[in-house]
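Reader: Before I rely on words such as buried, exposed or salt bridge, I would like to see how each is earned. Could you take me through the reasoning?

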Amino acid sequence: MKLRMSPQTVLILDAFLEQPEDWKYGYDLSRITGLKSGTLYPILMRLAERKLLETQWETGEPGKPPRHMYRFTPEGLRFARTNLLERAGGGLGQVALGLVEC
Amino acid sequence: MGAPRQLAAMLLRAVLRLAPEESREWATAMLRELDFIEGDWAALFWAFGSVTAILRHAASVFRMSLKRQTKEAEMNSTGRKALGVGLGALYALMLVGCAFAGLRLTAILFPGLGLDHAPWTFWLAVVVVPETILVTATVLLWRKRGPLAAGILATSLVVGLHLAVHLAMR
């Protein structure tokens, strides 16, 4: 699967990897990564189009408009771990990403 | 609500209205986030970035649909060519069939001509004349209606080959 691993994409994947099972909002991701919406959303769109991210509308309190949320698909999680591992470089990266028990 | 935030909301709503179907979900998502952004100016910059993102997405959607249309047009062009070849073959077969039927009809209507006992009439009416017409048509049509000419030529070759095999067997 081809996806340009720009530093911004890495930042976003990294943010999702913090708690991969949690849903995240666009604005929260923007604050965590420091990316502007014009940079953040095109990357989110690409990840979603490649089925690496799943999206969902939050069913919150009635009367409040729903928010769009994002989290890794199982494939996305594998992709992120593999790619970030390669970048982190071997064993140390595995420890850092919690794939290997210390 | 400050003026920059109002402007941001207005901008995003306008983009949402104008965005193509495929980009609307994302435009709505960006608009919803506006309520959670602290600071009016930050909201306005969020809207500017979002507009850029939506425009880029809409452009990529447009490019994809253009690519799809081009592909479909190419497929249609292939279909047209195949139809042309088929029609050419059909015309050629009709000509040979008509020549054969015409000869048989003449032989039945005018038995006195003795066409059944003159094999050269068969060769002339069913082979030489139609093949000449087919080759001439192929040459004339080759530049303007290539597929049709190709169909005619192919049939002409098949008929010619069939007769050659027939002669060889005799």
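The exchange below sets computed values beside the cut-offs that give them their names.

Author: Please keep in mind throughout that this is a predicted model. Chain A has five helices and three strands, in the order α-β-α-α-β-β-α-α from the N terminus, whereas chain B has five helices and zero strands.

Reader: What makes the pair B:Glu33 and A:Arg67 a salt bridge?

Author: The rule asks for a side-chain nitrogen of Lys or Arg within 4 Å of a carboxyl oxygen of Asp or Glu, and the closest N and O atoms of B:Glu33 and A:Arg67 are 2.8 Å apart, so the pair meets the rule. B:Glu33 lies in helix α2 (residues 21-33) of chain B and A:Arg67 in the loop between β2 and β3 of chain A, so this salt bridge joins two chains.

Reader: Why are B:Glu33 and A:Arg67 called buried?

Author: Buried means under 20% relative accessible area. B:Glu33 has a relative accessible area of 0% and is therefore buried, and A:Arg67, at 7%, counts as buried too.

Reader: How many salt bridges are there between chain A and chain B, and which other pair can you show me?

Author: The count between chain A and chain B is two. Besides the pair already described, the side chains of B:Glu38 and A:Arg31 meet in a salt bridge with an N to O distance of 3.5 Å, which is within the 4 Å cut-off and therefore qualifies. A:Arg31 and B:Glu38 also belong, with A:Asp28, to a network of salt bridges.

Reader: How do you know that the pair A:Glu54 and A:Arg71 links distant parts of the chain?

Author: Their side chains meet in a salt bridge at 3.0 Å, N to O. A:Glu54 is in strand β2 of chain A and A:Arg71 in strand β3 of chain A, 17 residues apart. Partly exposed covers the range between the 20% and 50% limits, so A:Glu54, with a relative accessible area of 28%, is partly exposed, and A:Arg71, at 25%, counts as partly exposed as well.

Reader: What ties B:Asp40 to B:Arg5, and are these residues buried or partly exposed?

Author: The side chains of B:Asp40 and B:Arg5 meet in a salt bridge of 3.0 Å, N to O. Because B:Asp40 lies in helix α3 of chain B and B:Arg5 in helix α1 (residues 3-18) of chain B, the pair ties together parts that are 35 residues apart in sequence. At 25% relative accessibility B:Asp40 counts as partly exposed, while B:Arg5, at 13%, counts as buried.

Reader: How is the extent of the contact between chain A and chain B expressed, and which residues of chain A supply the area?

Author: The size of an interface is often given as the accessible area lost when the parts come together. Between chain A and chain B the buried area is about 1,800 Å², of which carbon and sulfur atoms give 65%. A:Tyr27, A:Tyr41 and A:Met45 supply 34% of the area that chain A buries against chain B, more than any other three residues. The contact takes 20 residues from chain A and 19 residues from chain B, and eight residue pairs across the interface are in polar contact. On the side of chain A that touches chain B, the largest share, eight residues, comes from α3(A), and the residues of this side divide into 11 nonpolar, six polar and three charged.

Reader: Why is B:His57 called buried, and what does B:His57 touch?

Author: B:His57, found in helix α3 (residues 40-109) of chain B, has 7% relative accessibility, which is under the 20% limit, so B:His57 counts as buried. Not counting residues up to four places away in sequence, B:His57 touches A:Met45 and A:Glu49 in chain A, and B:Glu22, B:Ser23 and B:Trp26 in chain B.

Reader: What makes A:Lys51 exposed?

Author: Exposed means over 50%, and A:Lys51, at 58% relative accessibility, therefore counts as exposed. A:Lys51 lies in the loop between α3 (37-49) and β2 (53-57) of chain A, and the phi of A:Lys51 is near 60°, a positive value in a residue other than glycine.

Technical notes. Residues numbered from 1 in each chain as written. Chains lettered and ligands numbered in written order. Predicted model: local features only at pLDDT ≥ 70, side-chain atom pairs only at ≥ 80, totals over all residues. Heavy atoms only, no water. Helix = DSSP H or I, 4+ residues; strand = E, 2+ residues; numbered from the N terminus. Buried < 20%, exposed > 50% of the residue type's maximum accessible area, 1.4 Å probe, protein only. Contact = heavy atoms within 4.5 Å. Buried area = accessible area lost by both parts, 1.4 Å probe. Polar contact = N/O pair within 3.5 Å; in protein donor to acceptor, adjacent residues only side chain to side chain. Nonpolar A, V, L, I, M, F, W, Y, C, P; charged D, E, K, R; others polar.
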